[in-house]
Structures are given as structure tokens and as C-alpha cells.
Amino acid sequence: MYNLIQRYTDAWASRDPDAILALHTEDTTFHAHAGQEPARGKAAVRQAFSDLLAQFPDLAFDAVSQRVGRGFWVAEWRMTGTLAGTASSFEVDLVDVVTVEDGMVKRKDSYIDAVSMQAQLGMAVAQ
């Protein structure tokens, strides 16, 4: 499991959607719990990751804590980035819950402090 976690962390640090997707199952799901619907299947997940990396080209994650269990890991991060084409940046908490099947990422649920992120980026927060 720790080998997969390190490879996955490295793939995200590379900002290469194909490198990230290479570690996912065919029927993978990604759900950013910030108001979006889950992306299901490799093509949709790749698009979601590509969109995220295009929106925040300097997206970075600093590890805070990590817990590993049978078939999953939970990682707490401090996520930073700058909105493409602007000087607006953010620094927020993020928790990833990753489910593993047959040595691959089956599901990635990302819980983001979206209210703080929107406020830092100067975006309107829905009431």
C-alpha cells in the first residue's frame, strides 16, 4: 500500500493527469465534495483532474497526516494554488479518502474547505 501511496503522491506532484490515471481502476470514481457531481470512469476522472490542474496550474499539496487501513488510506493536506490568469491564490485544508482495489485507486473522495477557498479567491459564496 505504501508504494502505491508514494507513486500516487508523486503522480499528483508531476501534475500529469495520465500519470495519475495510470494508478486508477477502469471503473474509478473521483468526487470533489465541493458542490460537483462525482466523475465516474477513467475518461471522466481524467477530465476532472485535467480541469483542476488547468484551473490551478501551480496546485500543490503539503502533507499534514496520513492513516492507512486495509483497502484504503486517508490523507490530510494543506492545499495551495493560484487561479489561472490571476494573482488570486488560496491555502486551504483538504482531506482525501482513497479506496484501493487490486493495488489500484478505485475511488478518491476529496473534502475541500470550499468556502474558505472561494473567499480567498474573491468568488461569491452561495447562500
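Biologist: Where should I start? Is Asp93 buried or partly exposed?

Modeller: Asp93 is partly exposed, at a relative accessible area of 38%. Keep in mind that this is a predicted model.

Biologist: Which residue forms a salt bridge with Asp93?

Modeller: First the general idea. Side chains of opposite charge can pair when their charged atoms come close. Here the partner of Asp93 is Arg78, with the closest N and O atoms 2.6 Å apart. Asp93 sits in strand β5 and Arg78 in strand β4, so the pair ties together parts 15 residues apart in sequence.

Biologist: Which other side chain meets Arg78 in a salt bridge?

Modeller: Glu91 does, at 3.1 Å from N to O. Glu91 belongs to strand β5 and Arg78 to strand β4, so this pair links parts that are 13 residues apart in sequence. Now check accessibility. Arg78 is partly exposed at 27%. Glu91 is partly exposed too, with 39% relative accessibility.

Biologist: How many salt bridges does the count come to?

Modeller: The count comes to eight salt bridges. One of them joins Lys106 and Glu101, at 3.8 Å from N to O. Lys106 has a relative accessible area of 22%, which is partly exposed. Glu101 is partly exposed as well, at 35%. Then look for shared partners. Salt bridges that share partners join Asp27, Glu101 and Lys106 into one network.

Biologist: Now a helix. How many residues does α1 have, and what span does it reach?

Modeller: α1 has 13 residues. From its first C-alpha to its last, α1 reaches 18 Å, close to the 18 Å expected at 1.5 Å a residue.

Biologist: Which residues of α1 are buried?

Modeller: Leu4, Ile5, Tyr8, Ala11 and Trp12 are the buried ones. Look down the axis of α1: these buried residues fall within an arc of 125°, so they line one face of the helix. On the other side of α1, the exposed residues are Tyr2, Asn3 and Ala13.

Biologist: What about the backbone just after α1: which residue takes a positive phi there?

Modeller: The general idea again. Most residues other than glycine have a negative phi, and most peptide bonds are trans. Just after α1, Arg15 takes a positive phi of about 60°. Arg15 lies in the loop between α1 and α2. With 34% relative accessibility, Arg15 is partly exposed.

Biologist: Asp102 has a positive phi as well. Where is Asp102 found?

Modeller: Asp102 is in the loop between β5 and β6. Its phi is near 50°. Asp102 is exposed, with a relative accessible area of 75%.

Biologist: Last, the empty space. How much lies in the largest pocket?

Modeller: Rolling a probe the size of a water molecule over the atoms shows where empty space is left. In this model, the largest pocket holds about 660 Å³ of space. It is lined by 33 residues, and those closest to its centre are Phe30, Ala32, Leu52, Met79 and Ile112.

Biologist: Which elements supply at least two residues of that lining?

Modeller: The helices are α1, α3 and α4. The strands are β1, β3, β4, β5 and β6.

Biologist: And what is the lining of the largest pocket by class?

Modeller: It has 23 nonpolar residues, five polar and five charged.

Methods: Residues numbered from 1 in each chain as written. Predicted model: local features only at pLDDT ≥ 70, side-chain atom pairs only at ≥ 80, totals over all residues. Heavy atoms only, no water. 1 Å grid on protein atoms, 1.4 Å probe; cavity = no way out; pocket = protein on both sides within 12 Å on 5 of 7 lines; lining within 4 Å. Points joined across faces, edges and corners; volume = space filled by probe spheres on them. Helix = DSSP H or I, 4+ residues; strand = E, 2+ residues; numbered from the N terminus. Nonpolar A, V, L, I, M, F, W, Y, C, P; charged D, E, K, R; others polar. Salt bridge = Lys/Arg side-chain N within 4 Å of Asp/Glu carboxyl O. Buried < 20%, exposed > 50% of the residue type's maximum accessible area, 1.4 Å probe, protein only. Expected span 1.5 Å × (residues − 1). Arc of directions from axis to C-beta.
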